[in-house]
Amino acid sequence: MSFPPVFTRRPDQTKPVGDEAPAGAIPAGHPSGGDPPAGTAWLELPDGGTVWLDATICSIGRIAPKTVVLPDGFVSSSHAVIQVNAHGAHELTDLRSTNGTYLDGRRLSAPALLQNAMQIRIGPFKLTYRRLVPTSSGGGSTRPFPEGTAVQTYDGPCWILILDLEGFTVRRQQLGQAKAEILIREWIADAKPFIEKNSGVLNAQPGDALLAYWLDNEPERMLPAVDTGIRGLLALQARTLGERPFRIILHRGNVQITSNATRAEHIAGPDVDFVFRLEKLAKTLGARALLSEPAALALDVTGTARSLGAHAVADFAGKHHLYALAAD
């Protein structure tokens, strides 16, 4: 397959990158000026170019300014990002693109941990993630090789939460990128305590949304924590309605959580896909705090929350009863 030109930018470059190294080799020209240290990561691009990855966000899309610009109609203007998680590992997140982001052949429905040699497909483009790790415990030379098999750490019931800033694309255009990023940081700072101080885990930030969860392996302890956290978020939602409006989507289901040697966690499973579909449905229904029936039943709010009736959910069979909550 022939590819159109792929224009990429590094912080110190404004022209396309290319002709650096054969696929799979350690590319020359590390920004440090020397040999890349262990832990260094980069993307191999279809045109042979290289994009070094660091602690900053690597944005991918059809239209500049992006770290990687892929000029094709099957690529969304803001398609995906690669960013470092709390454990220092790189994660790939699809920004709810029209045609999806694929990692090793699987379409992403939630942020995914990247490991050496993984293939990323966006539209007609294939990119390869590379990361250097030591060849021995004594240090010395480095080479790209798989960093180890992911180890499953949890498989069971879980509360899954998505918080979604409303109308953020328009707000970003109005405010400009710098002010929009400040708005997101302030929103995260406001919302984070209601999750983490109530035993929740803030897992990822897919674009203008937050993904969090509560393991439900101790229902007697976790149910009050979830209830307190959601009530706090509802109160925050009411206080910031004019300044930073956001939606709350909560579901209770089963998940699989895996981690690797870096202790980076990845949450997956059909119920994770389900809550992302609910996020899209919440916009259609005009619900600012949407609960699935399993979540509403577990919180015992089916009698007090507003019933939204039964609705079809994309990619899931049947119809599903949904509920809307409001602050007390």
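Start by selecting Asp-216 and Arg-252: their side chains are joined by a polar contact of 2.6 Å. The model on screen is predicted.

Stay on Asp-216 and show the backbone around it. Asp-216 sits in a loop, with strand 16 (209-215) before the loop and helix 3 (219-239) after it. Switch on the surface: is Asp-216 buried or exposed? Its relative accessible area is 4%, so Asp-216 counts as buried, the cut-off being under 20%.

Next, select what surrounds this residue. Setting aside neighbours within four places in sequence, the contacts of Asp-216 are Tyr-154, Pro-157, Cys-158, Trp-159, Met-222 and Arg-252. Arg-252 is thus on the contact list as well as being the polar partner.

Now move to Phe-274, found in helix 4, which covers residues 270-285. Phe-274 is buried too, because its relative accessible area is 6%, against a limit of under 20%. Which residues does Phe-274 touch, not counting those up to four places away in sequence? Select His-251, Ser-292, Val-313, Phe-316 and His-320. Then add Asp-315: its C-alpha atom is 8.4 Å from that of Phe-274, and the two residues are 41 apart along the chain.

Finally, zoom out to the whole protein. Colour by secondary structure to see 5 helices and 21 strands. Of the 328 residues, 47% are buried. Among contacts with a separation of 6 or more, 56% are between residues 24 or more positions apart. With the surface shown, the exposed area is about 15,600 Å², and carbon and sulfur atoms supply 53% of that area.

Notes: Residues numbered from 1 in each chain as written. Predicted model: local features only at pLDDT ≥ 70, side-chain atom pairs only at ≥ 80, totals over all residues. Heavy atoms only, no water. Helix = DSSP H or I, 4+ residues; strand = E, 2+ residues; numbered from the N terminus. Buried < 20%, exposed > 50% of the residue type's maximum accessible area, 1.4 Å probe, protein only. Polar contact = N/O pair within 3.5 Å; in protein donor to acceptor, adjacent residues only side chain to side chain. Contact = heavy atoms within 4.5 Å. Areas by Shrake-Rupley, 256 points an atom, 1.4 Å probe, with all protein chains shown as cover.
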